[in-house]
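Q: I would like a close look at a single part of this protein model, and then at the parts around it. Please keep the wording plain.

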Amino acid sequence: MKINDNFFMKLAIDEAWKYQFISFPNPAVGCVVVKGESEILAIEAHKEAGQAHAEVNALKAAFLKYYPNDILKTKSSSKQIHEYLIKNHNGFFNDCKVYVTLEPCNHEGKTPACANLLKELKPQKVIVAHEDLNNIAKGGCETLKNVNIDIDIGCMKKEAYELLYPFLKWNSGTFIFYKMAQTLNGSIDGSISSNSAKAYVHTLRDKIDLMLIGGNTVRTDMPTLDARYIAGRAPDVFIYSKNKVFDTNIPLFKIPNRKVHISDDLFKLLDYKFVMVEGTYNLLDTLKDRLDYIVLLVNPKIRNGANALNEIDIDFEIVHENYIGEEKIMFLKRKS
Ligand SMILES: NC(=O)C1=CN([C@@H]2O[C@H](COP(=O)(O)OP(=O)(O)OC[C@H]3O[C@@H](n4cnc5c(N)ncnc54)[C@H](OP(=O)(O)O)[C@@H]3O)[C@@H](O)[C@H]2O)C=CC1
Ligand SMILES: Nc1c(N[C@@H]2O[C@H](COP(=O)(O)O)[C@@H](O)[C@H]2O)[nH]c(=O)[nH]c1=O
């Protein structure tokens, strides 16, 4: 593979995908710092809303790579890191290139503006994959150009757009993704996922506004649908059902402060910004026109079990793929 801007930006994009959805309501963003021609000092991401942005994490990690015992390692809040680096950078970043998947923010929100930090640190070049479309945060590239920092915009823009897309959608309406776990041979019933994949799913449950689940799954599994693997918050639940008759003694109805909607009208979903559907092939076929992304978790085993319905016929594009332990995770969208 050629070591060029695309190579470094791909590292930033892949890092950001690890926190896709988990950074809600913020976008998933990744950042790589390279010293000189090709010395990679840091590959970082924005991990959670309220925590430091990708650039701040990457600039901190890059500095500590050269000065591992510097007092900077004790600074954890974004504001502290900004202030410390601005006072103590000593020109360290002047021969560095900073690759970031989204234009550095130009406004003070829960954390200080990344464009302001970069402006002070004066890296040799900032390479941005996608401009910020958010009216409040945009303008970072302009700020950097105004102090003569070399800027390049548009490196791996399509891939950066797929990364940014959930954020654009939940900011302007409702983002809906479908989560399905299966074995290598496509069976979907019983316990499939490893504990680490289940913990990942519970991390998603903790972040979403609403979970949609089919009526038959509720009757068959009598599920809880909480985030107990990570001691997280249980989302509201929408049971998609025509039948509408359920035993309300099952655990999902017993969670305090949870709203449970039982309906065959999907209009209610639009009251929520971030929705996860947990289901399998039948429901996927029914809901396919409404889904933004599909998250498929494939456990590397083959075993007897319930499988796909015969009539299903959907083509997907793989937007991103990775592993959670031994489990394959794929982010898919329907081919248009
Ligand atoms: N591996 C995984 O990730 C998951 C596995 N599962 C497994 O899947 C199996 C169940 O799958 P499946 O039988 O497909 O059941 P689902 O509950 O996922 O989907 C079918 C149900 O959705 C409701 N539904 C479908 N179309 C409509 C519509 N147009 N309007 C309103 N409601 C509608 C119906 O509920 P009703 O009958 O109440 O009207 C129907 O029974 C179980 O074994 C469960 O363990 C389930 C989720 C995730
Ligand atoms: N078995 C299975 C999943 N099944 C989903 O989890 C629900 C059970 O949730 P809870 O009662 O909270 O444990 C079940 O009804 C179905 O929607 N999901 C996965 O990621 N991996 C798995 O192996």
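Where in helix α6 does a kink lie, and about how many degrees is it?

A: The model is a predicted one. Helix α6 covers residues 157–172, and the kink lies at L164, with an angle of about 45 degrees. The proline P166 follows shortly after the kink.

The residue at the kink is also one of the buried residues of the helix. In α6, the buried residues are E159, A160, L163, L164, P166, F167 and W170. Both L164 and the proline P166 are therefore on that list, since a residue counts as buried if 20 or more other C-beta atoms lie within 10 Å of its own. The cover over these buried residues includes one helix, α1 (5–17), together with the strands β3 (96–102), β4 (125–130), β6 (175–183), β10 (274–278) and β11 (293–299).

Two of these covering strands, β3 and β4, lead to another helix. Helix α4, residues 114–121, is mostly covered, with six of its eight residues buried. They are C114, A115, L117, L118, K119 and L121. Among the elements that cover them are β3 and β4, along with the helices α2 (54–66), α3 (78–88) and α5 (140–145). After α4 comes K122, which has a positive phi, near 50 degrees.

Helix α4 falls in a stretch that has a record. UniProt, in an unreviewed entry, places the feature "domain: CMP/dCMP-type deaminase" at residues 3–152. Over residues 3–152, helix makes up 34% of the chain and strand 19%, and the C-alpha atoms at the two ends are 17 Å apart. A hairpin is also found in this part of the chain. It is formed by β1 and β2, with three residues between the strands. In the turn, G36 has a positive phi of about 60 degrees. Strand β1 (residues 30–35) pairs with β2 in the antiparallel sense, over six bridges. K35 stands opposite E39, a residue of β2. Strand β2, residues 39–45, is mostly covered, and five of its seven residues are buried.

Another covering strand of α6, β6, leads to the ligands. Around ligand 1 there are 24 residues, of which G214, G215, N216, S241 and N282 come nearest. Two or more residues of this shell come from each of β6, α8 (215–221) and α9 (281–287). Helix α8 gives the largest share, five residues. By type, the shell around ligand 1 holds seven nonpolar, twelve polar and five charged residues.

Helix α8 also takes part in the shell of ligand 2, where α7 (195–207) and α8 each supply at least two residues. Ligand 2 is surrounded by 15 residues, and the closest are A181, I192, S193, D221 and P223. Its shell divides into seven nonpolar, four polar and four charged residues.

The last stop is α9, one of the helices at ligand 1. D285 has its place in this helix. D285 counts as partly exposed because it has 15 C-beta neighbours inside 10 Å. Leaving out residues up to four places away in sequence, D285 touches L309 and I312. Its C-alpha atom is separated by 38 Å from that of A137, and the two residues are 148 residues apart along the chain.

How values were computed
Residues are numbered from 1 along each chain as its sequence is written. Chains are lettered from A and ligands numbered from 1 in the order in which they are written. This is a predicted model: local features need pLDDT of at least 70, side-chain atom pairs count only at pLDDT 80 or more; totals for chains, interfaces and linings use all residues. The bend at a residue is the angle between axes fitted to the seven residues ending there and the seven starting there. Helices (H or I, at least four residues) and strands (E, at least two) are DSSP runs, numbered from the N terminus. A residue is buried if 20 or more other C-beta atoms lie within 10 Å of its own, exposed if 12 or fewer, and partly exposed in between; C-beta atoms are placed from the backbone. Two residues are in contact if their C-beta atoms, placed from the backbone, lie within 7 Å. UniProt positions are given in the numbering used here, feature names are shortened, and annotations may be inferred rather than shown by experiment. A residue is near a molecule or strand if its C-beta atom, placed from the backbone, lies within 6 Å of it. Ala, Val, Leu, Ile, Met, Phe, Trp, Tyr, Cys and Pro count as nonpolar, Asp, Glu, Lys and Arg as charged, and the others, Gly among them, as polar. Two strands pair if DSSP finds at least two bridges between them.
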